[in-house]
Amino acid sequence: MKHPFLMVVLTFCVFSQYTFSQETVENPEKYTAHNKGKFYIFWGGNRESYSKSDIRFKGADYDFTLHNVAAHDKPKGFHIDYFNPARMTIPQTNLRIGYFISDHYNISIGFDHMKYVMYNDRRVSYSGYYPNPGTYNENPANGELTLDEDFLLFEHTDGLNYVNTEISRVDDISKLFKINNTDKIQVNVTEGIGGGFLYPKTNTTLLGKDRYDEFNIAGYGLSAKVGLNLTFFKYFFIQTELKGGYIEMNNIRTTQDKADSAEQNFWFLQRILTVGGIFRI
């Protein structure tokens with residue numbers, strides 16, 4: 001006859017194993033519970049606002065500065081070009097690829113394709129010298145001139161390209177909305193900081209000279225962001241961000257002559273809406 005105590009122990013072990021297995025099947029760990037080791041990619045569009053900027057133009061026979069110049073972006077609205085592979089780099093767009101080094105932190109590289117257009121036909125203050133003074137609707141008494149296209153057309157429309165690296169934090173706030181199954185829908189907040197270089201193609205018509213129509217490393221930028229992420233069915237998400245930062249451009253090519261250049265610095269604010277995916281390889 002088997003020992004009664006041994007029978008009790010065996011019965012308890014079998015029952016415990018069954019109960020644990022049943023709980024494991026009923027409550028498997030969710031895919032969205034951990035982020036470490038996941039990659040993500042997103043694509044979307046943006047709108048921008050810019051602070052006023054002093055812009056200095058230098059060449060062999062001129063050196064002048066325009067003060068407190070205002071600029072705007074060049075939105076295309078909702079357009080098929082955002083989804084046309086042959087034209088999707090034409091609108092104001094954002095592309096980012098990232099990797100989670102832990103459950104909360106990821107590093108990424110991105111391309112923010114912004115557009116910067118100086119307002120024309122406005123009066124601005126100026127200082128310095130240039131050829132043929134007095135022919136550009138100047139008012140020497142108050143040091144102002146009109147920014148007509150005969151004098152200057154200045155825009156980074158292909159574009160104000162900010163190539164940058166970011167480190168970001170992500171936190172799941174689904175419980176605040178009483179969401180229990182985050183594999184169906186998950187709500188996250190994200191914050192990050194970044195930095196990189198500016199690689200614009202600047203469209204400039206300056207004093208009647210031929211414009212320089214090539215991409216050029218023109219300076220650097222620093223930025224910070226906050227965002228809201230909605231992830232659906234584990235792998236797909238919509239993310240909206242507010243990103244602000246500082247841009248220093250001290251090497252802007254303006255004409256075919258290498259002696260000609262411009263420099264400026266300003267603050268920017270982006271409003272970004274993207275769609276993307278998150279996955280493990």
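Asn137 is partly exposed in this predicted model, since its relative accessible area comes to 47% and the partly exposed class sits between under 20% for buried and over 50% for exposed. This residue is found in the loop that links β7 (123–129) and β8 (144–146). Its backbone is a bit unusual too: Asn137 isn't a glycine, yet its phi is positive, at about 60°. For context, most residues other than glycine have a negative phi.

Phe233 tells a similar backbone story. Phi of Phe233 is near 50°, again a positive value in a residue other than glycine. Its home is the loop between β12 (219–232) and β13 (236–253). With a relative accessible area of 56%, Phe233 counts as exposed, because the cut-off for that class is over 50%.

Phe233 also turns up in a nonpolar patch on the surface. Alongside Phe233, the patch is made of Ile41, Leu95, Ile97, Ile109, Phe111, Tyr235, Phe236, Phe279 and Ile281, and together these residues have about 1,000 Å² of accessible area. Two elements, β5 (93–100) and β6 (105–118), give two or more residues each to this patch. Ile109, one of the patch members, lies in strand β6. At 55% relative accessibility, Ile109 is exposed.

There's one more backbone detail to pick out, this time in a peptide bond. Most peptide bonds are trans. The bond from Asp158 to Gly159, however, is cis, with omega near -10°. As for where this happens, Gly159 belongs to strand β9, which covers residues 152–172.

Conventions:
Residues are numbered from 1 along each chain as its sequence is written. This is a predicted model: local features need pLDDT of at least 70, side-chain atom pairs count only at pLDDT 80 or more; totals for chains, interfaces and linings use all residues. Side-chain values use heavy atoms; hydrogens and water are left out. Patches are made of residues with over 30% relative accessible area and no salt bridge: like charges are joined within 9 Å, nonpolar side chains (Val, Leu, Ile, Met, Phe, Trp, Tyr) within 5 Å. Accessible areas come from the Shrake-Rupley method with a 1.4 Å probe; for residues, only the protein chains shown count as cover. A salt bridge is a side-chain nitrogen of Lys or Arg within 4 Å of a carboxyl oxygen of Asp or Glu. Helices (H or I, at least four residues) and strands (E, at least two) are DSSP runs, numbered from the N terminus. Buried means under 20% relative accessible area, exposed over 50%, partly exposed in between (1.4 Å probe, protein chains only).
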